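Reader: I am new to this structure and would like a close look at a single part of it. Please take one helix and its surroundings slowly, and explain each term as it comes up.

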Amino acid sequence: MDDEAMIARGRRVVPGAGSSGRAGGRLADEVYDTLLGQLMSLRIEPGSRVTIDVLARELGVSQTPIRDALNRMEAEGLVVRVPHAGYRIPPQITRSRFEDMLEIRLLLEPAAARRSAERASLEQVAGLRRMLGEMAELEGGHGPAAYGAFGLRDAAFHDLVASSAENQVIRETLARLHSHVHLFRLHRDAQVTHLAMAEHEDVVAAIAARDPDAAAYAMRRHILRSGERFRRFFDELKEADPVAAEA
């Protein structure tokens, strides 16, 4: 599957859909998901400018759901409003921000995995296994769109773990970090998807076995190893441009 097909697969916006009431809310959610996918795939690059009218023409919808989706993304720090000039995609996260984000994930996600092993229903465990299957289908994909699609499902996997832990505060906090958006925009590397899959399987196996200690350990190990993989990007950047790496 090539990049354009992968992007089309993730796009769910339907031209002509309603733009008011509940239908309008659903359309805004679909626009949000589409834009998020374009961020993850780097189809919309860091630092680039986006405007409501251009997006409306591209997606074939009115400006209202575009505006609603961008307002939501602005509140979440995924875009920045530029007076009289639309919106801008923020640059890549800094090394300092990356390390802070990693620290928070290490505090919250192993705890979520532990609680998931204690509380997850059979249906939720089955959902985690289905998500692994979806990610496995994308694991061998090539190009930024395939990598971005894998990243979106990676984020969904971690959200499922937090959801099955039945701690809404942890889930909401992790969602606000948008860690997967920032990480998967950093550097495209097929090895990241392969290694992440094996680590996710360890997490799910421990949850399914109802082993809280093993689940927490597997999640902590996954986050630490993920941090090491993405940290190499900053090390490479520092060698090329010491000032930019710490900006």
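Author: What follows is a close look at helix α9, together with the helices and loop around that part and a few other places for comparison.

This is a predicted model, in which local features need pLDDT of at least 70 and side-chain atom pairs count only at pLDDT 80 or more, while totals for chains, interfaces and linings use all residues. Residues are numbered from 1 along each chain as its sequence is written, and side-chain values use heavy atoms, with hydrogens and water left out.

The protein has twelve helices and three strands, where helices (H or I, at least four residues) and strands (E, at least two) are DSSP runs numbered from the N terminus. Of its 247 residues, 44% count as buried; buried means under 20% relative accessible area, exposed means over 50%, and partly exposed lies in between, with a 1.4 Å probe and protein chains only. The protein exposes about 12,300 Å², of which carbon and sulfur atoms supply 52%, the areas coming from the Shrake-Rupley method with a 1.4 Å probe and, for residues, with only the protein chains shown as cover. Among contacts between residues at least 6 apart in sequence, 75% join residues at least 24 apart, and contact here means heavy atoms within 4.5 Å.

Helix α9 covers residues 179-186. Eight of its eight residues are buried, so α9 is largely enclosed by the rest of the structure. The buried residues are S179, H180, V181, H182, L183, F184, R185 and L186. S179 has a relative accessible area of 5%, and, leaving aside residues up to four places away in sequence, S179 touches M101 and R105.

Those two partners of S179 also belong to a helix-helix contact, since F98, M101 and R105 in α5 meet S179, H180, H182, L183 and L186 in α9. By class, this contact of α5 with α9 has four nonpolar, three polar and one charged residue; Ala, Val, Leu, Ile, Met, Phe, Trp, Tyr, Cys and Pro count as nonpolar, Asp, Glu, Lys and Arg as charged, and the others, Gly among them, as polar. Two packed helices are described by the angle between their axes and the distance between the axes. Helix α5, residues 95-119, packs with α9 at an angle of about 135°, and their axes are 11 Å apart; the axes are lines fitted to C-alpha atoms, for helices over the stretch in contact, and angles run from 0 to 180 degrees between N-to-C directions. The two helices α5 and α9 are therefore oblique to each other, given that angles under 35 degrees count as roughly parallel, over 145 as roughly antiparallel, 65 to 115 as roughly perpendicular and the rest as oblique. The crossing of α5 and α9 is left-handed, a crossing being left-handed if the near helix is turned anticlockwise from the far one by less than a right angle, and right-handed if clockwise.

Just ahead of α9 in the sequence lies H178, placed in the loop between α8 (168-177) and α9. H178 is buried, with a relative accessible area of 11%, and its phi is near 50°, a positive value in a residue other than glycine. A positive phi is also found at R210, about 60° although R210 is not a glycine. R210 sits in the loop between α10 (190-208) and α11 (212-240), and at 35% relative accessibility R210 counts as partly exposed.

On the other side of the H178 loop, α8 also packs with α5: the axes of α5 and α8 come within 10 Å and cross at roughly 150°. These two helices, α5 and α8, are therefore roughly antiparallel to each other, and their crossing is left-handed. The contact is made by M101, I104, R105, L108, E109 and A112 of α5 and by I170, T173, L174 and L177 of α8, and by class it has seven nonpolar, one polar and two charged residues.

For a buried residue elsewhere, one may turn to A69 in helix α4. A69 is buried, with a relative accessible area of 1%, and A69 touches A28, V31, Y32 and L35, again not counting residues up to four places away in sequence. A69 and V31 are 38 residues apart in sequence and 6.2 Å apart in space, C-alpha to C-alpha.
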